[in-house]
Amino acid sequence: MSLPLLEQLIDAFRILPGVGQKTAQRMAYHVLEREREGAQKLAEVLAKAIERIGHCTQCRDFSETEVCAVCANSSRDRAQLCVVESPADRLAIESATGFRGVYYVLQGRLSPLDGIGPRELGLDALGTRLQQGEVQELIIATSATVEGEATAHYLAQLARANSVRPSRLAQGLPLGGELEYVDRGTLSHAFGTRTEAT
């Protein structure tokens with residue numbers, strides 16, 4: 001026997017990060033009591049987004065087209081390639097710095113315990129891109145977590161193996177912190193004072 005529709009709605013809200021049973025219940029009740037029209041619009045936009053948004057074939061960021069707007073922009077400096085863990089990290093760097101290079105979005109970080117290795121992060125495609133000789137600096141902008149540091153080390157080795165200079169975001173980022181939650185000033189400073197990766 002299937003769950004009643006209200007319970008299904010509450011369970012559906014629980015897929016969101018940081019949303020537990022009580023929060024999901026409050027969201028479901030709010031939508032039903034006060035925001036039915038807004039919820040209908042949300043459902044329509046969500047359905048369209050799931051259907052139409054994929055990944056850019058060059059950088060792996062979210063995109064409605066085969067190649068995203070950043071990669072398609074001929075005025076970007078292709079000699080500088082910034083590697084980030086997520087689209088949120090790319091957006092944070094793009095809005096907080098004057099970076100005019102291009103990006104590569106890993107969509108995660110190395111985590112063998114979770115079954116996430118180089119293949120899941122598209123590092124084979126990144127290696128191929130580095131071999132082409134266009135990239136001169138690989139800017140490693142992974143989080144200062146254990147997994148982020150392991151990913152940064154792997155990326156630095158990959159860059160050096162392809163005669164590309166690796167650099168890492170510098171001081172100001174808190175150890176164990178997530179990049180997308182760092183304030184703009186700190187992120188801008190860290191990006192501007194990046195150092196060679198080890």
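Q: How much space lies in the largest pocket of this predicted model?
A: The structure is a predicted model. Its largest pocket is an open set of grid points, not a closed cavity. The space in this largest pocket is about 330 Å³.

Q: Which elements give two or more residues to the lining of the largest pocket?
A: The lining of the largest pocket has 14 residues. Those nearest the pocket centre are L9, F13, L42, A43 and L46. The elements that give two or more residues are helix 1 (5-13), helix 2 (21-34) and helix 3.

Q: Which element gives the largest share of the lining of the largest pocket?
A: Helix 3 covers residues 36-52. Seven lining residues come from one element, the largest share. That element is helix 3.

Q: Is R36 buried or exposed?
A: R36 lies in helix 3. Its relative accessibility is 58%. The cut-off for exposed is over 50%. R36 therefore counts as exposed.

Q: What distance separates the C-alpha atoms of R36 and S86?
A: Along the chain, R36 and S86 are 50 residues apart. In space, their C-alpha atoms are separated by 32 Å.

Q: Where does R60 lie?
A: R60 is not a glycine, yet its phi is positive, about 70°. Strand 1 (54-55) stands on one side of its segment and strand 2 (62-63) on the other. R60 lies in the loop between strand 1 and strand 2.

Q: Why does Q107 count as partly exposed?
A: Q107 sits in the loop between strand 4 (101-105) and helix 6 (123-131). Its phi is positive, about 60°, although Q107 is not a glycine. Partly exposed runs between the buried limit of 20% and the exposed limit of 50%. Q107 counts as partly exposed because its relative accessibility is 30%.

Q: What share of the residues of the chain count as buried?
A: The chain has 198 residues. Its C-alpha trace spans about 60 × 35 × 35 Å along the principal axes. Buried means under 20% relative accessible area. The share that count as buried is 39%.

Q: What share of the exposed area of the chain do carbon and sulfur atoms supply?
A: The chain exposes about 11,700 Å². Of this area, carbon and sulfur atoms supply 54%.

Q: How far apart are the mean positions of the positive and negative charges of the chain?
A: The chain carries 21 positive and 25 negative charges. Each set has its own mean position. The two mean positions are apart by 3 Å.

Technical notes. Residues are numbered from 1 along each chain as its sequence is written. This is a predicted model: local features need pLDDT of at least 70, side-chain atom pairs count only at pLDDT 80 or more; totals for chains, interfaces and linings use all residues. Side-chain values use heavy atoms; hydrogens and water are left out. Helices (H or I, at least four residues) and strands (E, at least two) are DSSP runs, numbered from the N terminus. Buried means under 20% relative accessible area, exposed over 50%, partly exposed in between (1.4 Å probe, protein chains only). Accessible areas come from the Shrake-Rupley method with a 1.4 Å probe; for residues, only the protein chains shown count as cover. Lys and Arg count as positive and Asp and Glu as negative; His and the chain ends are not counted. The place of a charge is taken as NZ of Lys, CZ of Arg, CG of Asp or CD of Glu. On a 1 Å grid over the protein atoms alone, a cavity is a set of points where a 1.4 Å probe fits but cannot get out, and a pocket is an open set with protein on both sides within 12 Å along at least five of seven lines; lining residues have an atom within 4 Å of a point. Grid points are joined across faces, edges and corners, and a volume is the space filled by probe spheres set on the points.
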